[in-house]
Amino acid sequence: MPLVSMLWGSQEGHSFYPWKIFWLLENPHPHWVETVKDNLKLDFRESGFRQFVSLSSKHLITDAMLMFGLEYSLERERLIESLNPIRLTVRVKPGSFLGISHHFLGAPFEIENDEVLREFLYTSRRLLEEGGFGLSVVVISYNPFVEDIILENLEKIRGLNYRFHGARL
């Protein structure tokens, strides 16, 4: 069972049209799974990308946006410039979650352990949160224990049009 579902898309009146759907899964290690719209099947299919996360991170949503939604960021050019050092210097180590995800930001908690790369990651998070995100977001929580962290992160992103639906105890 997923901990959270997150949909990105466009909002028109009361209608929401999803473009991407993400699932925050807990096992075998907490990670986001990306699904994208498959126009041939008129359904969503898994893209194969995963982002391994720490459930105590206050940047669960921001990090997912940096990994999966850079093209929708309102500060796209500045973010790409800020993330380039991370892209160029991350080396896959045996046993690393970065190797499993096949993506430079596949495990933000590993990047946070590097003194140099950590600053580039913090700068990128701040740029996205201050600059905004171009799509509407719907978040559905199935677990009340992650709701506060997710809501706090959603509120940090300037001008974000979002809806949040929490779990009932």
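**Exercise 1.** State how many salt bridges the structure holds, and work out which parts of the chain the pair of glutamate 34 and lysine 20 ties together.

*Solution.* This predicted model holds six salt bridges. In one of them, the side chains of glutamate 34 and lysine 20 meet with an N to O distance of 2.9 Å. Glutamate 34 belongs to strand 3 (residues 31-38) and lysine 20 to strand 2 (residues 15-25), so this pair ties together parts that lie 14 residues apart in sequence.

**Exercise 2.** Determine whether glutamate 34 and lysine 20 are buried or exposed.

*Solution.* The step needed here is the cut-off, since buried means a relative accessible area under 20%. Lysine 20 has a relative accessibility of 9% and therefore counts as buried, and glutamate 34 is buried as well.

**Exercise 3.** Find where glutamate 71, a salt-bridge partner of lysine 20, lies in the chain, and classify its accessibility.

*Solution.* Glutamate 71 forms a salt bridge with lysine 20, in which the closest N and O atoms are 3.9 Å apart. The pair links distant parts of the chain, because glutamate 71 sits in the loop between helix 1 (60-68) and helix 2 (76-89), whereas lysine 20 is in strand 2, 51 residues apart. Glutamate 71 has a relative accessibility of 43% and so counts as partly exposed.

**Exercise 4.** Describe the salt bridge of glutamate 77 and arginine 76, and then name the residues that shared partners join into one network.

*Solution.* The side chains of glutamate 77 and arginine 76 meet at 3.1 Å, N to O. Glutamate 77 is exposed at 56% relative accessible area, while arginine 76, at 38%, is partly exposed. Salt bridges with shared partners join Lys20, Glu34 and Glu71 into one network.

Terms used: Residues numbered from 1 in each chain as written. Predicted model: local features only at pLDDT ≥ 70, side-chain atom pairs only at ≥ 80, totals over all residues. Heavy atoms only, no water. Salt bridge = Lys/Arg side-chain N within 4 Å of Asp/Glu carboxyl O. Helix = DSSP H or I, 4+ residues; strand = E, 2+ residues; numbered from the N terminus. Buried < 20%, exposed > 50% of the residue type's maximum accessible area, 1.4 Å probe, protein only.
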